[in-house]
Amino acid sequence: MTPFIMVIFGATGDLAQNKLIPSLFALFKENLLSEAFSIVGFSRRDFAIEDFHKYFEDAKEDPRWADFAKHLLYQSGSFEDIAAYQSLEKQLEVIDAKTKDCPTRFFYLATPPEHYETILDNLVETKLSGNCDVNDKNWTRIIIEKPFGEDLET
């Protein structure tokens, strides 16, 4: 299986807490994820990694949670703060160095639509949205969870 990094913007919201992390944990328990994966939560809350792990109290009862939690990282920052994206970039570089590769990257926007433009602009400005692999064997994708626009036309 291919190594990957998933960055979840809005990682302390309901979607991440009730759907995303539990779903990823279920895939992990079924051995359907690469051994080399990282999930980086990005949110405004001033959490340490341990605080982010505690945020998913329901899962902690499962004996495999501790192994899964080793793959969970956290980046505190507002969606508007370019310095937070630069810190995120450094975290991703550390992960790349550990895997000795540039894993496939997913940026998951589990945020209200009004934040999409800001997040996307900052991903472009910091070049995080680009491909970090010069051989193009891995890629970067941006996932938008919620519908955008006010009606079918928009």
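## Helix packing and buried strand positions

In helix H4, Lys-90 and Ala-97 are exposed, on the other side from the buried residues. The model is predicted.

H4 runs over residues 82–99 and has 18 residues. From the first C-alpha to the last, H4 reaches 26 Å, close to the 26 Å expected at 1.5 Å a residue. Its buried residues are Ala-84, Tyr-85, Leu-88, Gln-91, Leu-92, Ile-95 and Asp-96. Seen down the axis of H4, these buried residues fall within an arc of 145°, so they line one face of the helix.

What lies over that face? The cover of the buried residues of H4 includes four strands, E1 (4–9), E2 (37–43), E3 (72–76) and E4 (104–109), together with helix H5 (116–125).

Both ends of H4 have a local feature. At the N-terminal end, Asp-81 acts as the cap, with a side-chain oxygen 3.1 Å from the backbone nitrogen of Ala-83. Just after H4, Lys-100 takes a positive phi of about 55°.

Helix H5 can be described in the same terms. Tyr-116, Ile-119, Asn-122 and Leu-123 are its buried residues. Viewed down the axis of H5, they fall within an arc of 145°, so they line one face of the helix. On the other side of H5, the exposed residues are Glu-117, Val-124 and Glu-125. The buried residues of H5 pack against E1, H4, E4 and strand E5 (140–144). H4 is thus a packing partner of H5, and H5 is among the elements that cover the buried residues of H4.

**Buried strand residues**

Three residues in strands E2 and E3 are listed with their relative accessibility.

| Residue | Strand | Relative accessibility |
|---|---|---|
| Gly-41 | E2 | 0% |
| Phe-42 | E2 | 0% |
| Gln-75 | E3 | 10% |

Each of these residues counts as buried because its value is under 20%.

Gly-41 has contacts with Ile-8, Ala-11, Phe-52, Leu-73, Tyr-74 and Gln-75, not counting residues up to four places away in sequence. Its C-alpha atom is separated by 7.6 Å from that of Thr-12, although the two residues are 29 residues apart along the chain.

Phe-42 is in contact with Val-7, Ile-8, Phe-9, Gly-10 and Ala-11, with Gln-75, Gly-77, Ser-78 and Phe-79, and with Ala-84, Tyr-85 and Leu-88, leaving aside neighbours within four places in sequence. For Phe-42 and Ser-78, which are 36 residues apart along the chain, the C-alpha separation is 8.5 Å. Among the contacts of Phe-42 are Ala-84, Tyr-85 and Leu-88, which are buried residues of H4.

Which side chain does Gln-75 join through a polar contact? The partner is Gln-91, at 3.2 Å, and Gln-91 is one of the buried residues of H4. Under the exclusion of residues up to four places away in sequence, Gln-75 touches Val-40, Gly-41, Phe-42 and Ser-43, as well as Ala-84, Ser-87, Leu-88 and Gln-91. Gln-75, in strand E3, therefore has contacts that include Gly-41 and Phe-42 along with Ala-84, Leu-88 and Gln-91, given that contact means heavy atoms within 4.5 Å.

**Positive phi in loops**

Most residues other than glycine have a negative phi. Asn-31, in the loop between H1 and E2, has a positive phi near 60°. At 51% relative accessibility, Asn-31 counts as exposed. Lys-127 follows H5 and is found in the loop between H5 and E5. Its phi is near 65°, again a positive value in a residue other than glycine, and at 66% relative accessibility Lys-127 counts as exposed.

**The largest pocket**

How much space lies in the largest pocket? The volume is about 240 Å³. The lining has 15 residues, of which Gly-10, Gly-13, Arg-44, Ala-110 and Pro-112 are the closest to the centre of the pocket. Helix H1 (residues 14–29) gives the most to this lining, with 3 residues. Gly-10, one of the residues closest to the pocket centre, is also in contact with Phe-42.

Technical notes. Residues numbered from 1 in each chain as written. Predicted model: local features only at pLDDT ≥ 70, side-chain atom pairs only at ≥ 80, totals over all residues. Heavy atoms only, no water. Helix = DSSP H or I, 4+ residues; strand = E, 2+ residues; numbered from the N terminus. Expected span 1.5 Å × (residues − 1). Buried < 20%, exposed > 50% of the residue type's maximum accessible area, 1.4 Å probe, protein only. Arc of directions from axis to C-beta. Polar contact = N/O pair within 3.5 Å; in protein donor to acceptor, adjacent residues only side chain to side chain. 1 Å grid on protein atoms, 1.4 Å probe; cavity = no way out; pocket = protein on both sides within 12 Å on 5 of 7 lines; lining within 4 Å. Points joined across faces, edges and corners; volume = space filled by probe spheres on them.
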